[in-house]
Amino acid sequence: MHALVTGAAGFVGSHLADALLARGDTVLGVDCFTPYYDRIDKEQNVASAFAHDDFELVEADLRSTDIAELLSGVDAVFHQAAQAGVRLSWSAGFADYVGHNVLATQRLLEAVQHAQPEARVVYASSSSVYGNQLRYPTVETDLPKPFSPYGVTKLAAEHLCGLYAENAGVHTVSLRYFTVFGPRQRPDMSIYRLCQAAVDGSTFPRYGDGTQIREFTYVSDIVAGNLAAADRDVAPGTYVNLAGGSEITLNDLIALVGEVSGAPVEVDPGPKMAGDSFRNGGAIDRARDVLGWEPTVALREGLEAQIAWHRARR
């Protein structure tokens, strides 16, 4: 397979590139290195990929570059590129989210339709499309109700994948990620900040009272879901939850990280942040049926790996 991975220098994108290369595929990565976090972290993410002759990285912005040139000979597009995070998606920041998450996705789908119509497009959606729901775990047929501008843009891009599948025959599969964690995680994410606090003895900023619930999914399981979405016979326009089966309150997570790291984490309490839904948790029946997928890495095991990564970076 010749794969195009957008956002290849990011958290999931770099792990996905490594997995593709390890199984013998060729990978063209593209990344625009937005200043959301340090460029040096992203360059370290792709260091292992550069050890392969079958990897190339192009620095380009999907909002403006000629995407058709990137699609030559491509069998599968793994669209990981996005402006991430809930808190910066409000106010003036929304324009960047619309550009990177909606416009870039539309331009990519348009380019695939005309330049490489046989390519499979696997889109990294998000559990943020659900917002606060009346029941849990959420299933794919539950009505999406985003609770943040970020969630709105991820749902809009997912809808674009669906309409390009129905109207133009582009073979899209959308994967709704539930709070991905593991080595190379973005530094703004809660588990990163929590593990870093455990390793260096600093305080962890806890927003809200800590009773909010999240379902965490280890990055290697997310990668496996992406590969299955590209390899298996999946109907165009399909959307699927990828949820790790590790629902936990934030307070219990703080305690667990302290237990795994060997020292309790001091908490700096703060107010609840706008756009943070109270709970997420997804059913994976469709993922089992359609992708043959289910999570294999438990929360404690994944935390052990992530804490080891933080310690190695000191």
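Where is Pro137 found? Pro137 sits in the loop between β5 (120–126) and α4 (149–168). The legends below describe close-up views of a predicted model.

**View 1. A cis peptide bond precedes Pro137.** The bond runs from Tyr136 to Pro137, with omega near 0°. The loop that holds Pro137 follows β5 and leads to α4.

**View 2. Three strands form an open sheet in the order β7-β9-β11.** Pairing in this sheet is mixed. β7 (180–181) and β11 stand at the edges, each with a single partner strand, so one side of each has no neighbour in the sheet. β7 and β9 pair in the parallel sense, over 2 bridges. Within this pair, Val180 stands opposite Thr217 in β9. β9 (residues 213–218) and β11 run antiparallel and are joined by 4 bridges. Here Ile213 stands opposite Thr249 in β11.

**View 3. Side chains alternate along edge strand β11.** The strand covers residues 246–249. Ser246 and Ile248 point to one face and are buried. Glu247 and Thr249 point to the other face and are not buried. In a regular strand, side chains alternate between the two faces of the sheet. Thr249 is also the residue that Ile213 stands opposite.

**View 4. Helix α6 lies across β7 and β9.** The helix spans residues 219–231. Its direction makes an angle of about 70° with β9. The two strands beneath this heading, β7 and β9, are parallel partners.

**View 5. Arg23, Asp25 and Asp231 are linked in a network of salt bridges.** Between Asp25 and Arg23, the closest N and O atoms are 2.5 Å apart. Asp25 counts as buried because its relative accessibility is 7%. Arg23 counts as partly exposed, at 37% relative accessibility. The structure holds 14 salt bridges.

**View 6. Arg63 forms a salt bridge with Asp61.** The closest N and O atoms are 2.6 Å apart. Asp61 is buried, with a relative accessible area of 19%. The cut-off for buried is under 20%. Arg63 counts as partly exposed, at 29% relative accessibility.

**View 7. Arg186 forms a salt bridge with Asp188.** The closest N and O atoms are 2.9 Å apart. Here the arginine, Arg186, is buried, with a relative accessible area of 17%. Asp188 counts as partly exposed, at 28% relative accessibility.

**View 8. Phe33 has a positive phi without being a glycine.** Its phi is near 50°. Phe33 is found in the loop between β2 (26–31) and α2 (39–45). The residue counts as buried, at 12% relative accessibility.

**View 9. Arg184 also has a positive phi although it is not a glycine.** The value is about 80°. Arg184 is found in the loop between β7 and α5 (190–200). At 16% relative accessibility, Arg184 counts as buried.

**View 10. Phe94, Val98 and Val152 make a nonpolar surface patch.** The patch covers about 200 Å². Val98 lies in helix α3 (residues 94–115). Val98 is partly exposed, with a relative accessible area of 31%. Residues in such patches need over 30% relative accessible area.

Note on methods. Residues numbered from 1 in each chain as written. Heavy atoms only, no water. Buried < 20%, exposed > 50% of the residue type's maximum accessible area, 1.4 Å probe, protein only. Pairing = 2+ DSSP bridges. Patch = residues over 30% accessible without salt bridge, like charges linked within 9 Å, V, L, I, M, F, W, Y side chains within 5 Å. Areas by Shrake-Rupley, 256 points an atom, 1.4 Å probe, with all protein chains shown as cover. Salt bridge = Lys/Arg side-chain N within 4 Å of Asp/Glu carboxyl O. Contact = heavy atoms within 4.5 Å. Axes fitted to C-alpha atoms, helices over the stretch in contact; angles between N-to-C directions.
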